[in-house]
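Biologist: Please take one part of this model and look at it closely, setting out how its elements pack and which positions lie under cover. I would like the cut-offs stated as you go.

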Amino acid sequence: MSTVQSIPGGAAPAATPGGGGGGGASYVEVAASPEFRELRARFRRFVFPMTVLFLAWYFTYVLLAAYAPGFMGIGIVGDINVGLVLGLGQFLSTFVITWLYVRWADREFDTSAAELRARIEGPAPAEAGGESR
Amino acid sequence: MTALAWPAAVAVALVCVATLAVGALGLRLSRTTSDFYVASRVVSPRWNASAIGGEYLSAASFLGVAGLVLAVGADMLWYPIGYTAGYVVLLVLVAAPLRRSGAFTLPDFAEIRMRSPVVRRVASVLVVGIGWLYLLPQFQGAGLALRSATGAPRWVGALIVAGVVVLNVLAGGMRSITLVQAFQYWLKLTAIALPVIFLVATWRADGAPAPPADHTTVSVNAVTVRLADTVRVRVEEPATIIVHGQVDGEPVGGPVQLEPGSAVLAAGSTVTLPEGTPVPRAEEIFGRDGPAPAGGAERGHELYRTYSLLLALLLGTMGLPHVIVRFYTNPDGRGARRTAAAVIGLLGAFYLFPPVYAALGRVYAPDLLLTGRTDTVVLTLPQRVLPGPLGEALSALVMGGAFAAFLSTSSGLTVSVAGVLSQDLLRRRARTGVAGFRAGTILAVAVPAAGTLLATSVGLADTVGLAFAVAASTFCPLLVLGIWWRRLTVTGALAGLAVGGVTAASAAMVTMLGRAPDGLAGALLAQPAAWTVPLSFAVMVVVSLRTPGSMPAGVGRVMTRLHVPEGIRQHHGRAAVPPGRAVGVPIDAASGGLVGAVDRSSPASNRSARAVTLSPGTDRSSPTAGPPGAGSLPPTA
């Protein structure tokens, strides 16, 4: 278990530009850049409220099941009552949430992230330099 | 309950033999695959997702969900949702950054993010603990299933699954091909879905009797059952049942009027529920192993228990050792996202079926509520509803599916646990990678197998819930804060892991040994997540804020690496590992453990080199994860 030594400690990483090749900002600069902050903020603005929302929806269902059996038992058609519809609605909403998120991530997040990356790293031949000493 | 032993026994034998055969085949295939890493990264998200589904759908899913919905009613639909929605949380909060981190396993992530071998070691201990907790109900479930179908003692099923898993994992099989695990998903889906078609057809032919409502279950048809164990039943409404045996210690031989309250029906009694009788519900079963609460029985503080378990399921999924490794086989963060999304679709499709068994169980097998054996509804329903060869065949199919569930989940867990054991915890004793992995495998299976003899008082779903609770109290804060909060410090992470792990694991132990008190304290111990998860988060945050000095070096780099998607060009045509290192390793990229173990046995490599090999496509940032020497690995092979 002698890993501590094998990892460059202290400030060493900060001094080394990320990988060296390609030209462009170091990773530390990237992390501090307004674009990166904006990217993360954008992600948080979408994902955190959505997470809270769908967690609230799951927990509300449980709350209703526990405290409002009358409401859950209201018949809609035949043997189908509100509880069953909401229960199946949870399945459905799980799929919808997933679909919404993946669509958002593909269209908006990845696009702006790719732009950011391109700006930081410069054009493609980055790998040529290599970091192999 | 032992009507049709032979078809079920044959199905179990077939599944076991097929598993071993495929394992042996997988061993050959993986030896002839020159670079398994590259192969594994061309696995499409759809197949990868099937593989995750194959491993994830365990005994609790296959049997326990239907049992709980049968016992509690449609209100319990949140339960299968919770199993699925755990992946939604995983998807939106951790999937892509985790893939970008290059971590194979949870300890890998801990080390990459926190740069601390101590955090890594604590994470390793937790992986082993959670894996054992999760393996235990798999073995228990196998014993339960086999007993219900063939009457064999409970330890037989547990021993069969444990034995097959050990042989298989030692041979390097099963997990060696993603497609095999993927096949397991479709086998399980077929096994649970096909009988539903016949069951529903029969139900419609019977005039589609409505499943009785939740709290006043009434037997639709008269049923007669012989009690294998003594049960204490709760009587909600006055009911007249016909008993030949003992009620409340009195010998009875005919109709008995039960008044609201509780009654004890002795083992060996034959009970008939006439048509239209409100079914007395089992509360406690006095088996050979001592008293145990019946599945779904009211135990007080129900809302707390439900919330706590739901929280554990939602937040614990991301901390399950056998789940995380599969995300590494995705080409990039985007692929990881697609995989998680596909998993949600596949799991959702599967979980639609257990509630159907539960609803039909209310119609055709209300006696399971009386005997408390609701976990067996999936297994017993086909032969109840469909007499004759068709029912036998479908029962055998379901039994085979159940064993496939036990075997695939157990194998995935065993590989993960054995990998961590050999890699991080047994290293001094077992120097060579393969020997260490073998020792790890035996240990990974032996401990929970022995545990099945001790822990008997907790239902299937409950034990699985405890595993989720421990995962949610430890790895969830580590992953969420590690990915989203740059001020997390080593001391903070350690404190949070320790507090969350110790509290949740102690609660689990007390509950499983049957030492939990009644009332609120018992509820808090049986479903600890609601308090241990916030506690662990709070400890991590507060301690981190107070120890800014122990923030890992280069955190900015790691965070950038986690959050900036890979360049598109960067994952093309790159072999993560030089071919010579992967050849002959009888386990695939997703297994992590053995690969790591083998890496270490090679003198030319060290742990940090592995951290680099584990990050294809992100090697521009790999100086954060490895020493300068690590860069000497050829970036392309």
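Modeller: A contact here means heavy atoms within 4.5 Å. This is a predicted model in which local features need pLDDT of at least 70 and side-chain atom pairs count only at pLDDT 80 or more, while totals for chains, interfaces and linings use all residues. Residues are numbered from 1 along each chain as its sequence is written, chains are lettered from A and ligands numbered from 1 in the order in which they are written, and side-chain values use heavy atoms, without hydrogens and water.

The part I have chosen is chain B, which has 25 helices and eight strands (DSSP runs of H or I with at least four residues, and of E with at least two, numbered from the N terminus). Of the 637 residues in chain B, 64% are buried (under 20% relative accessible area with a 1.4 Å probe, protein chains only; exposed is over 50% and partly exposed in between). Among the contacts in chain B with a separation of 6 or more, 82% join residues 24 or more positions apart.

One position that illustrates such a long separation is B:Val166, which belongs to helix 8 of chain B, spanning residues 154–170. With a relative accessible area of 17%, B:Val166 is buried, and, leaving aside residues up to four places away in sequence, B:Val166 touches B:Thr441, B:Ile442 and B:Val445. B:Thr441 lies 275 residues from B:Val166 along the chain, yet their C-alpha atoms are 6.7 Å apart.

A loop position can be read alongside it. B:Ala103 sits in the loop of chain B that runs between helix 5 (78–101) and helix 6 (106–114); B:Ala103 is buried, with a relative accessible area of 4%, and its C-alpha atom is 8.9 Å from that of B:Ile324, a residue 221 positions away along the chain.

Turning to helix packing, helix 4 (residues 59–72) and helix 15 (residues 377–385) of chain B meet at an angle of about 75°, their axes being 8 Å apart (lines fitted to C-alpha atoms over the stretch in contact, with angles from 0 to 180 degrees between N-to-C directions). Helix 4 and helix 15 of chain B are therefore roughly perpendicular (65 to 115 degrees; under 35 is roughly parallel, over 145 roughly antiparallel and the rest oblique). Helix 4 of chain B contributes B:Phe62, B:Leu63, B:Ala66, B:Gly67 and B:Leu70 to this contact, and helix 15 of chain B contributes B:Val377, B:Val378 and B:Leu379. These residues comprise seven nonpolar, one polar and no charged (Ala, Val, Leu, Ile, Met, Phe, Trp, Tyr, Cys and Pro are nonpolar, Asp, Glu, Lys and Arg charged, and the others, Gly among them, polar).

Another pair in chain B is helix 7 (residues 117–150) with helix 19 (residues 490–512), whose axes cross at roughly 20° and come within 11 Å. Helix 7 of chain B is thereby roughly parallel to helix 19 of chain B. On the side of helix 7 of chain B, the contact involves B:Val118, B:Val119, B:Val122, B:Leu126, B:Leu133 and B:Leu136, which meet B:Val490, B:Leu494, B:Leu497, B:Gly501, B:Ala508 and B:Met512 of helix 19 of chain B. The contact residues of helix 7 and helix 19 of chain B divide into eleven nonpolar, one polar and no charged.

Finally, helix 22 of chain B (residues 555–563) is mostly covered, with nine of its nine residues buried; among them are B:Arg557, B:Thr560, B:Arg561 and B:His563, as well as B:Val555, B:Val558 and B:Leu562.
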